[in-house]
Amino acid sequence: MSHTPVLRTRGLRKEYGTGEGLVRAVDGVDLDVAPGETVAVMGPSGCGKSTLLHLLGGLDRPSGGEVSLNGRRIDDIGEKALARMRRTAVGFVFQAFHLMEELTAVENVELPALLAGRSPRAARRRAEELLEQVGLTDRARFLPSALSGGQRQRVAIARALSNEPLVVLADEPTGNLDSAATLDVLRLFQSLHESGQTLVIVTHDARIAATADRLISMRDGAFVDETRLSGGTTGQLGALVGLAD
Ligand SMILES: Nc1ncnc2c1ncn2[C@@H]1O[C@H](COP(=O)(O)OP(=O)(O)O)[C@@H](O)[C@H]1O
Ligand SMILES: [Mg+2]
């Protein structure tokens with residue numbers, strides 16, 4: 001008996017036509033992400049990591065191949081169904097945070113729940129719980145411009161969790177952060193992992209990658225290597241960066 005993967009791709013491709021010709025950004029990716037699994041993807045700039053995440057979360061359409069979320073194909077569904085799926089089943093975290101600058105932290109976090117049709121009261125209650133979870137209760141009424149980079153990213157992570165997504169997709173979430181803020185975000189992903197959240201994290205940070213169950217290396221649009229990290233390894237590396245206290 002096997003679990004339905006939260007994410008599954010087969011022969012996934014994305015090509016861009018440019019002046020210089022065809023760019024094969026994602027070139028035949030087969031991926032299964034099990035429920036509760038954390039997968040880290042590493043690889044040089046331009047190898048297709050962001051394009052892959054966009055395809056996984058339905059932000060972009062593949063040129064070929066299949067993507068399924070919880071056993072349901074999303075590569076061939078209509079725009080409305082895809083938009084609904086993105087809103088309710090996927091949480092995105094970006095390197096540049098992408099918060100709404102004119103909204104406070106709590107308003108940013110509750111927005112996805114409101115867009116998904118939750119009542120204002122339920123959405124606010126959930127947003128306040130999430131801000132507590134990321135340690136920002138005392139910043140709930142601050143605008144993003146009054147927050148540090150690490151605080152902004154924690155707001156963005158809380159926002160990504162607003163609708164209890166099947167999967168959180170994070171694209172270099174610590175790429176704009178100093179090392180103290182990176183550790184905060186690292187601990188947060190670690191606790192999400194422990195709580196059973198399915199995660200796919202694109203990262204250049206070996207410490208983040210070390211918290212994953214599986215580490216995938218990407219080159220030129222394809223997976224070239226895959227390492228299953230044992231609990232022991234995660235524990236050891238986790239201890240090195242202070243996760244074990
Ligand atoms: N909208 C686009 N139009 C043309 N080429 C693109 C577009 N988006 C990405 N690419 C190209 O696709 C390749 C993969 O890009 P990307 O997924 O952003 O890589 P990474 O996130 O690993 O740095 C690169 O060669 C990039 O230049
Ligand atoms: Mg990228």
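**Exercises on a predicted model**

Let's start with one residue pair: Arg 13 has Asp 27, in S2, as its bridge partner. The model is predicted, so please read each solution with that in mind.

**Exercise 1.** Work out how the sheet is ordered and which strands stand at its edges.

*Solution.* Begin with S1 and S2, which pair in the antiparallel sense over 10 bridges. Next, extend the view to the open sheet: its four strands follow the order S2-S1-S4-S5, with antiparallel pairing. Finally, look at the ends: S2 and S5 (72–73) each have a single partner strand, so one side of each lacks a neighbour in the sheet.

**Exercise 2.** Find what surrounds ligand 1, and say which element gives the largest share of the shell.

*Solution.* List the neighbours: among them are Tyr 16, Thr 18, Val 23, Gly 46, Lys 49 and Ser 50. Then assign elements: S1 (7–18), S2 (21–33) and H1 (49–56) each give two or more residues. H1 provides the largest share, three residues. Sorted by class, the shell holds four nonpolar, seven polar and one charged residues. To place H1, note that this helix lies across S1, S2 and S4 (64–69), at about 60 degrees to S2.

**Exercise 3.** Describe how H3 and H5 pack.

*Solution.* Two packed helices are described by the angle and the distance between their axes. For H3 (105–115) and H5 (149–160), the angle is about 25 degrees and the axes are 7 Å apart. The helices are therefore roughly parallel, and their crossing is right-handed. At the contact, Ala 105, Asn 108, Val 109 and Pro 112 of H3 meet Val 155, Ala 158 and Arg 159 of H5. These residues divide into five nonpolar, one polar and one charged.

Technical notes
Residues numbered from 1 in each chain as written. Chains lettered and ligands numbered in written order. Predicted model: local features only at pLDDT ≥ 70, side-chain atom pairs only at ≥ 80, totals over all residues. Near = placed C-beta within 6 Å. Nonpolar A, V, L, I, M, F, W, Y, C, P; charged D, E, K, R; others polar. Axes fitted to C-alpha atoms, helices over the stretch in contact; angles between N-to-C directions. Parallel < 35°, antiparallel > 145°, perpendicular 65-115°, else oblique. Left-handed = near helix turned anticlockwise from the far one by under 90°. Contact = placed C-beta atoms within 7 Å. Pairing = 2+ DSSP bridges.
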